[in-house]
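Thanks for making time. I would like to walk you through one model this morning, going from the sheet to the cores and then to the rings.

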Amino acid sequence: MDRNSSRTDEFTNALAESAPRYDVRLNAQAIRQLQDYYELLLFWNTRLHLVAPCSPAEFATRHVLESLCALPHISEAARVVDVGSGAGLPIIPCLIAWPSFHATLIESSQKKAIFLREALRTVGAQGSSELIAERFEMTLAPEAEFITCRALERMTKMFKQLLDWSPRASTLLLFGGEALRTEIEMFALTYQTIHIPESERRFLFVIKKHPQT
């Protein structure tokens with residue numbers, strides 16, 4: 001068994017073992033697509049540093065299953081904008097697990113955008129997605145009911161800009177820690193906090209942006 005095959009097996013086993021703790025159910029097709037995505041990311045990561053080095057099991061939990069915590073908060077057939085897509089997290093695992101919404105990925109790095117196009121093609125999600133290779137603040141926000149963001153650089157400093165940019169009455173699904181919570185509370189927003197399983201201080205913040213915000 002070659003090294004990559006062993007890594008993929010470890011990744012798949014970790015998905016199966018840990019998914020119930022995240023309240024995630026994955027069918028056989030989704031698991032195969034997640035395997036393809038993981039293998040593609042391994043290939044590109046040495047050149048683009050898409051994610052910090054981690055074990056296959058950590059990638060399964062810390063990245064894929066954590067990303068899927070956003071799914072229960074996305075309605076069917078919704079329009080979702082993922083800001084700072086980078087390695088495709090959280091949006092690509094969500095598209096794989098529940099391909100019933102349309103996603104717009106926004107990524108400022110041209111090289112990472114090339115990876116994202118290949119990843120979307122590899123997992124068969126190019127028909128339900130589009131990619132904008134630009135900084136989000138340099139674009140007009142697409143019409144969307146949900147905004148996701150997991151790895152935006154300087155998230156706490158960029159939060160107000162992201163909030164102002166997001167469509168009126170949209171819901172923001174943001175991953176972060178206590179520093180991000182502090183930023184959210186400064187704006188007296190209505191929000192819900194979901195603790196990420198198997199983490200100490202990682203949360204999904206579900207923020208309702210009111211029309212007048």
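What follows is a short tour of this structure, which is a predicted model.

Start with the sheet. It is an open sheet of seven strands, in the order 3-2-1-4-5-7-6, and the pairing is mixed. Strand 3 and strand 6 are the edge strands, each pairing on one side only. On average, neighbouring strands are turned by 20° against each other, if direction is ignored.

On the parallel side of that mixed pairing, take strand 1, residues 79-83, and strand 2, residues 102-106: they run parallel and are joined by five bridges. V81 has T104 as its bridge partner in strand 2. Strand 1 is largely enclosed by the rest of the structure, because four of its five residues are buried.

For antiparallel pairing, go to strand 7, residues 203-208. Strand 5, residues 171-176, runs antiparallel to strand 7, with six bridges between them. One of the residues to look at is L174, whose bridge partner in strand 7 is F205. Strand 6, residues 190-195, also pairs with strand 7 in the antiparallel sense, over six bridges. There, Q192 has V206 as its bridge partner. Is strand 7 mostly covered or mostly open? Strand 7 is mostly covered, with five of its six residues buried.

Now the helices on the sheet. Helix 6 packs on the sheet and touches strand 1, strand 2, strand 4, strand 5 and strand 7. The direction of helix 6 makes about 170° with that of strand 5. Helix 7, residues 178-186, lies across strand 5, strand 6 and strand 7, and runs at about 15° to strand 7.

One residue of helix 6 deserves a closer look, and that is L162. L162 has a relative accessible area of 0%, so it counts as buried. Which residues does L162 touch, leaving out those up to four places away in sequence? The contacts are V83, F136, I147, C149, L172 and L174. As for I147, it is 15 residues from L162 in sequence, and the C-alpha atoms are 9.3 Å apart.

F136 brings me to the rings. The structure holds 10 aromatic pairs. In one of them, F136 and W165 meet edge-to-face, at 5.3 Å centre to centre and with 75° between the planes. This pair links distant parts of the chain, 29 residues apart: F136 sits in the loop between strand 3 (129-132) and strand 4 (146-149), and W165 in helix 6 (residues 155-165). Are these two buried or exposed? F136 has 3% relative accessibility, and W165 has 13%; buried means under 20%, so both count as buried.

Elsewhere, ring pairs link F11, Y37, Y38 and F59 into a cluster. There are also arginines over ring faces. R47 lies over the face of W44, 4.8 Å from the ring centre. R181 lies over the face of F203, at 5.0 Å from the ring centre.

Last, the cores. As a general point, nonpolar side chains in soluble globular proteins tend to be buried together. Here, the largest nonpolar core has 53 residues, and those touching the most other members are Y37, F59, I92, F101, F115 and L204. Which elements give two or more residues to this core? They are helix 1 (3-18), helix 2 (28-48), helix 3 (56-67), helix 4 (91-97), strand 2, helix 5 (110-122), strand 5 and strand 7. Helix 2 gives the most, with nine residues.

Y37 shows what such a core member has around it. Not counting residues up to four places away in sequence, Y37 touches F59, A87, G88, L89, I92, P93, I96, F115, A119 and V123. Apart from the largest core lies another one, of 22 residues, and its members include L152, W165, F203 and I207. Two of those names came up earlier: W165 is the ring paired edge-to-face with F136, and F203 is the ring with R181 over its face.

That is the tour. I am happy to go back to any part of it on the screen.

Note on methods:
Residues are numbered from 1 along each chain as its sequence is written. This is a predicted model: local features need pLDDT of at least 70, side-chain atom pairs count only at pLDDT 80 or more; totals for chains, interfaces and linings use all residues. Side-chain values use heavy atoms; hydrogens and water are left out. Rings of Phe, Tyr and Trp (its six-membered ring) pair if their centres lie within 6.5 Å; planes under 30 degrees apart count as stacked, over 60 as edge-to-face and the rest as tilted. Buried means under 20% relative accessible area, exposed over 50%, partly exposed in between (1.4 Å probe, protein chains only). A charge sits over a ring if NZ of Lys or CZ of Arg is within 6 Å of the ring centre and within 35 degrees of the ring normal. Two strands pair if DSSP finds at least two bridges between them. Contact means heavy atoms within 4.5 Å. Axes are lines fitted to C-alpha atoms, for helices over the stretch in contact, and angles run from 0 to 180 degrees between N-to-C directions. A nonpolar core is a set of buried Ala, Val, Leu, Ile, Met, Phe, Trp, Tyr and Cys residues joined through side-chain atoms within 4.5 Å.
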